[in-house]
Amino acid sequence: MMTKQVRYEALVKALHGDLYRYAYWLTHEKQVAEDLVQETFLRAWRALDSLKDEKAAKSWLITILRRENARRFERKRLGMSEYEEATITDTRSVTTEQELENHWLREKISQLPPEYSEPLVLQVLGGFSGEDIASMLDLNKNTVMTRLFRARNQLKEALEAEPVKRGIYNG
Amino acid sequence: MDDLNFRRTIYADPTNQDADTVAAQQVDPSKKQFAQEISKLDERIRQALNVPVPDDLCNKLILRQTLASHQVHKRKTRVHLALAASVAMVGGLMLNFLQFSSVYSNLGDYALAHVYHEQGSVTNNASSQVTLTSLNKKMAAFDGNFSESLGKLLFADYCRFDGMKSLHLVYQGKNSPVTVFIVPKNQQLSFSHTFNDKQYFGRSIEYNHSNIIVVADKNESLGQWQQNISETVFWSI
């Protein structure tokens with residue numbers, strides 16, 4: 001009982017940040033992302049005994065989170081296609097140049113086809129290898145590598161097409 | 001490694017450290033520059049995705065789990081308690097059953113067992129005698145009384161043999177004592193008019209609320225005893 005608790009708390013402390021960021025990227029909403037992470041960890045707690053390899057913990061949690069997210073859509077019957085992701089504005093006050101830039105780049109990632117952006121986010125945010133991503137998304141590794149290549153390629157092109165200075169300039 | 005292949009590899013995984021990828025960068029400065037550009041892009045992507053995590057999320061997660069498992073725990077304790085109570089109840093019932101249920105299936109077996117149990121405690125020539133009055137006082141518990149004495153009453157007392165309260169009378173017989181039991185009617189024991197074993201034989205008379213059983217050795221005339229009893233016993237209800 002106690003060891004399970006300790007394991008769980010260690011898992012939460014080490015991985016809740018990455019999971020939240022991934023959830024935020026999936027949902028684009030702080031509150032929804034938070035709920036999703038809570039559901040994920042609650043499920044993880046119930047199934048904690050099935051986690052044998054601690055190194056696999058992160059991909060295990062991400063898999064649970066993806067499943068929970070899919071379930072959320074089953075419940076709500078709310079397709080991603082129903083709204084333009086790019087038009088969703090970040091409610092955080094966009095103040096600094098850096099944040100403006102981040103926001104812009106996030107939009108660009110969101111505009112990528114989901115089959116490209118998903119492996120990219122898993123790779124960059126989750127730090128997963130091509131094999132890990134392939135097993136999580138149920139694809140073969142070559143497909144994953146091709147999608148990663150296309151994702152970065154398109155992002156790079158988008159960045160190059162954009163003028164160096166962005167934002168609203170008055171006067 | 002040709003340029004296209006190199007670009008594909010770096011695009012797919014900027015952190016690729018394969019020997020030929022590293023070698024290609026060392027040979028060709030433009031490749032090295034490309035790899036650095038993509039690494040920079042990756043860093044920007046990472047920053048963009050690195051949204052601030054709510055400070056209290058970690059604590060919330062632990063709290064929620066603690067509450068959830070506490071409820072499960074509570075539910076479990078309740079189940080355990082219910083289980084323990086059931087076991088205790090079954091145990092109690094079993095004990096009750098074993099203690100108060102008869103091991104004999106009929107009146108005859110019961111009476112014989114009782115006689116053997118107390119055999120020797122009263123001898124046929126004992127000097128003690130119980131008066132009719134004191135016998136009738138004891139009979140009051142069974143709502144009955146004897147109008148006359150049946151013979152020399154050596155012993156009369158209640159005894160609880162095998163969980164059944166009965167009045168145990170021992171009369172002087174020809175060779176050995178004659179035992180008369182007055183027992184309340186019992187659902188568990190089937191009535192048997194006559195019964196015997198090697199040494200004793202017995203007969204029962206059935207009344208409304210009680211049975212009277214006579215057990216004696218084979219020299220006694222049980223019919224006579226039975227007749228005497230039925231002529232002298234009176235039931236108040």
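In this predicted model, B:Ile205 faces B:Ile212, a residue of strand 7 of chain B. The two strands concerned, strand 6 and strand 7 (residues 210-217) of chain B, run antiparallel and are paired over seven bridges. Three residues make the link between strand 6 and strand 7 of chain B, and the connection is a hairpin.

Strand 6 of chain B also pairs with strand 5 of chain B, again in the antiparallel sense, over three bridges. Strand 5 covers residues 194-196 and strand 6 covers residues 200-206 of chain B. Here too the two strands form a hairpin, with three residues between them. Within this pairing, B:Thr194 is opposite B:Arg203 of strand 6. In a regular strand, side chains point to the two faces of the sheet in alternation.

The two pairings are set out below.

| Strands of chain B | Sense | Bridges |
|---|---|---|
| Strand 5 (residues 194-196) and strand 6 (residues 200-206) | antiparallel | three bridges |
| Strand 6 and strand 7 (residues 210-217) | antiparallel | seven bridges |

**Helix 5**

Helix 5 of chain B takes in residues 107-118, twelve residues in total. From its first C-alpha to its last it reaches 17 Å, which is close to the 16 Å expected at 1.5 Å a residue. After the helix comes B:Gly120, with a positive phi near 95 degrees.

Which residues of helix 5 in chain B are buried? They are B:Leu107, B:Gly108, B:Tyr110, B:Ala111, B:Leu112, B:Ala113, B:His114 and B:Val115. As a general point, an α-helix has 3.6 residues a turn, so residues three or four places apart point the same way.

One of the buried residues, B:His114, can be followed further. B:His114 is part of helix 5 of chain B. Why does B:His114 count as buried? Its relative accessibility is 0%, and the cut-off for buried is under 20%. The side chain of B:His114 makes a polar contact of 3.4 Å with the side chain of B:His168.

**Chain B as a whole**

The secondary structure of chain B consists of seven helices and eight strands. Chain B has 237 residues, and 40% of them count as buried. Its exposed area is about 13700 Å², of which carbon and sulfur atoms supply 54%. For contacts in chain B between residues at least 6 apart in sequence, 55% join residues at least 24 apart.

Definitions and conventions
Residues numbered from 1 in each chain as written. Chains lettered and ligands numbered in written order. Predicted model: local features only at pLDDT ≥ 70, side-chain atom pairs only at ≥ 80, totals over all residues. Heavy atoms only, no water. Helix = DSSP H or I, 4+ residues; strand = E, 2+ residues; numbered from the N terminus. Expected span 1.5 Å × (residues − 1). Buried < 20%, exposed > 50% of the residue type's maximum accessible area, 1.4 Å probe, protein only. Pairing = 2+ DSSP bridges. Contact = heavy atoms within 4.5 Å. Areas by Shrake-Rupley, 256 points an atom, 1.4 Å probe, with all protein chains shown as cover. Polar contact = N/O pair within 3.5 Å; in protein donor to acceptor, adjacent residues only side chain to side chain.
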